[in-house]
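Subject: Structure handover

Hello,

Here is the structure I promised you. Please open it before you read on, and keep it beside this email.

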Amino acid sequence: MARVGIIGAGPSGLCAAHHILNTPGLEPPVVWERTGQLGGTWRLSEQIGRDSRGLPVHSSMYHGLRTDLPTVLMAFPDYPFPEDTEESFVHHTVVLKYLEDYARHYQLLPHIKFGHEVESVCPVVKQEEGPPTWRVTSRDLQSGTLTTTTCDALLVCNGHFSEPNFTKIEGLEKYEGEKLHSHDYRHPHPFTGVSVLVVGAGASGLDIALELSSVASQVLLSHNYPVQLPSDFPPNLHQMSRVSRATQHGFTFSDGTHAEAQAVIFCTGYKYSFPFLSQECEVSVKDNHIRPLYKHLIYAKFPSLGFIGIPQRIVVFPLVDYQVRYFLAIVMGKVCVPSYDNMMAIIEEEEREMKAAGEPDKYYHIFGPKQFQYMEGLAQEAGLKKPPGFYEKLFTIVIVRLFFSFPIFKTYNYSLTPDGSSIVEARHRVSINTTRDLTLLVVRQLVCLLWRDFRRVVWLLGSIMVKKIGNIFKFG
């Protein structure tokens with residue numbers, strides 16, 4: 001029987017262990033987890049920088065975080081959140097308990113080697129044809145003992161929210177205020193009464209900026225969007241353009257404005273990092289683009305190595321579930337991947353299409369709406385049940401509310417009708433006509449945006465029209 005190893009006991013690793021145990025013909029998995037507990041980034045650490053053992057803190061969790069996806073959309077396909085979960089957007093502690101319950105329900109704990117750090121992964125290429133095995137060397141962090149394990153296949157599930165990515169700002173070394181990344185943010189209290197610059201307006205940047213606005217004198221939210229975000233933010237939260245340079249006590253922005261701030265928090269994302277992969281693995285990460293990955297999952301050179309959970313801006317738990325089952329279908333011979341040359345041709349064609357669309361490498365693994373077609377493709381090839389139709393519709397509803405009414409979008413609740421065919425949306429226990437309510441919301445906020453920023457909105461619309469006309473006539 002084949003042995004599949006797993007690096008990491010966060011959501012992806014737990015999902016992988018569950019499906020390996022549920023696959024006839026596979027040995028029970030071995031899961032290496034550096035920390036002493038499961039959960040990955042969903043387990044809050046009060047420490048920042050390095051932990052008590054001198055290792056980098058893995059979790060980026062902060063006290064006030066609630067999910068930005070509703071539980072009905074967020075859950076693993078075969079393990080729903082408890083029926084008595086009152087809110088759709090739950091506190092991070094609810095998610096951690098969900099993962100702990102998942103591990104107990106599927107009896108995963110006996111297979112996890114807690115406190116074991118993987119130090120190296122090397123392919124062992126066979127003289128005869130066939131995929132290599134994988135030599136995994138791990139260290140017991142308590143005793144220091146090194147152990148080498150040979151696996152027929154290996155899943156990398158170490159997450160990608162632990163190595164901060166900082167935006168370069170001219171003159172930042174001269175700035176005398178506090179500087180930190182959202183990875184080290186835990187609660188807003190240290191910023192009471194001061195002016196704070198938040199760089200980046202993704203989900204975490206918006207959430208942290210909103211939380212800070214409850215205690216800070218003012219919050220400056222700097223982003224690269226061409227227009228202001230059309231949400232009704234608190235009066236002390238001000239949207240700013242991109243930061244162009246730092247001064248001793250403040251920052252100058254791309255539109256020429258300047259503002260002082262006593263602290264800056266970088267909500268600028270994270271880097272993929274696989275320090276345990278040996279040079280023989282020949283996996284490269286450049287500008288947050290991992291190569292060469294087929295379907296953002298399979299290592300093209302040796303398809304017995306898989307990377308789970310690489311895509312971003314996704315419904316994480318369902319997508320990694322499909323990735324795991326697709327990978328195991330390859331291991332079991334139910335799915336035959338193309339040859340190395342053909343996989344590389346597919347990968348290179350995708351890269352060319354991105355460049356032609358003007359997308360930089362760092363966006364290669366960002367999915368958004370295309371995740372649903374991706375999951376359907378994995379399901380079809382592996383002979384799995386097709387993802388439920390409500391995934392895409394509910395994701396769209398949530399993203400529209402997030403964008404147009406961020407401060408209140410987590411006050412909505414979502415459920416499904418008994419037959420699972422329709423989404424029921426409610427707020428304060430009152431059902432909502434979603435189509436009508438979203439239409440009114442979008443129209444109202446766009447009118448407000450046009451009123452506040454008429455010239456920039458008109459310029460943006462004009463640029464979009466010129467680009468579309470150019471595409472029609474094959475110009476530019």
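Below is what I found, taken region by region.

First, a caution. This is a predicted model. Please read everything that follows in that light.

**The N-terminal unit**

Start with strand 1, helix 1 and strand 2. Together they make a right-handed β-α-β unit. Strand 1 covers residues 4–7, and strand 2 covers 30–33. The two strands run parallel and are joined by three bridges. One position to look at is I7, which stands opposite W32 in strand 2.

Is helix 1 enclosed or open to the outside? Helix 1 spans residues 11–21, and 10 of its 11 residues are buried, so the rest of the structure largely encloses it. The buried residues are P11, S12, G13, L14, C15, A16, A17, H18, H19 and I20. Here buried means under 20% relative accessible area. Note that both H18 and H19 are in that group.

What covers these residues? The cover includes strand 1 and strand 2, the two strands of the unit. It also includes helix 3 (92–105) and helix 5 (316–331). Strand 3 (112–114) and strand 7 (153–156) contribute as well.

Now strand 2 itself. In a regular strand, side chains alternate between the two faces of the sheet. V30 and W32 point one way from strand 2, while V31 and E33 point the other way. Are these four buried or exposed? All are buried, E33 included.

Strand 2 also pairs with strand 3. That pairing is parallel, with three bridges. E33 has F114 as its bridge partner in strand 3.

**The cavity**

How many cavities of 30 Å³ or more does the structure hold? There is one. The largest cavity contains about 30 Å³ of space. Its lining consists of V156, N158, G159, H160, F274, I308, G309 and I310. By class, four of the lining residues are nonpolar, four are polar and none is charged. V156 falls within strand 7, one of the elements that cover helix 1.

**The second largest pocket**

This pocket holds about 1,300 Å³ of space. Its lining has 45 residues. Which of them lie nearest the centre? They are T71, V72, E87, S88 and Y414.

By class, the lining has 22 nonpolar, 10 polar and 13 charged residues. Several elements each supply at least two of the lining residues:

- helix 2 (71–74), helix 4 (203–212), helix 5 and helix 8 (390–404)
- strand 21 (412–416) and strand 22 (423–427)

Strand 21 gives the largest share, with four residues. Helix 5 appears here and also in the cover of helix 1.

**The sheet with strand 21**

Strand 21 belongs to an open sheet of three strands, in the order 21-22-23, with antiparallel pairing. Strand 21 and strand 23 (430–431) each have a single partner strand and stand at the edges, so one side of each has no neighbour in the sheet. Five bridges join strand 21 to strand 22. Among the paired residues, L416 has I423 as its bridge partner in strand 22.

**A hairpin**

One last item. Strand 12 (residues 243–246) and strand 13 (residues 250–253) form a hairpin, with three residues between them. The pairing is antiparallel, over three bridges. V243 stands opposite F253 in strand 13.

Best wishes

Definitions and conventions. Residues numbered from 1 in each chain as written. Predicted model: local features only at pLDDT ≥ 70, side-chain atom pairs only at ≥ 80, totals over all residues. Heavy atoms only, no water. Buried < 20%, exposed > 50% of the residue type's maximum accessible area, 1.4 Å probe, protein only. Contact = heavy atoms within 4.5 Å. 1 Å grid on protein atoms, 1.4 Å probe; cavity = no way out; pocket = protein on both sides within 12 Å on 5 of 7 lines; lining within 4 Å. Points joined across faces, edges and corners; volume = space filled by probe spheres on them. Nonpolar A, V, L, I, M, F, W, Y, C, P; charged D, E, K, R; others polar. Pairing = 2+ DSSP bridges. Right-handed = clockwise from strand over helix to strand, strands pointing away.
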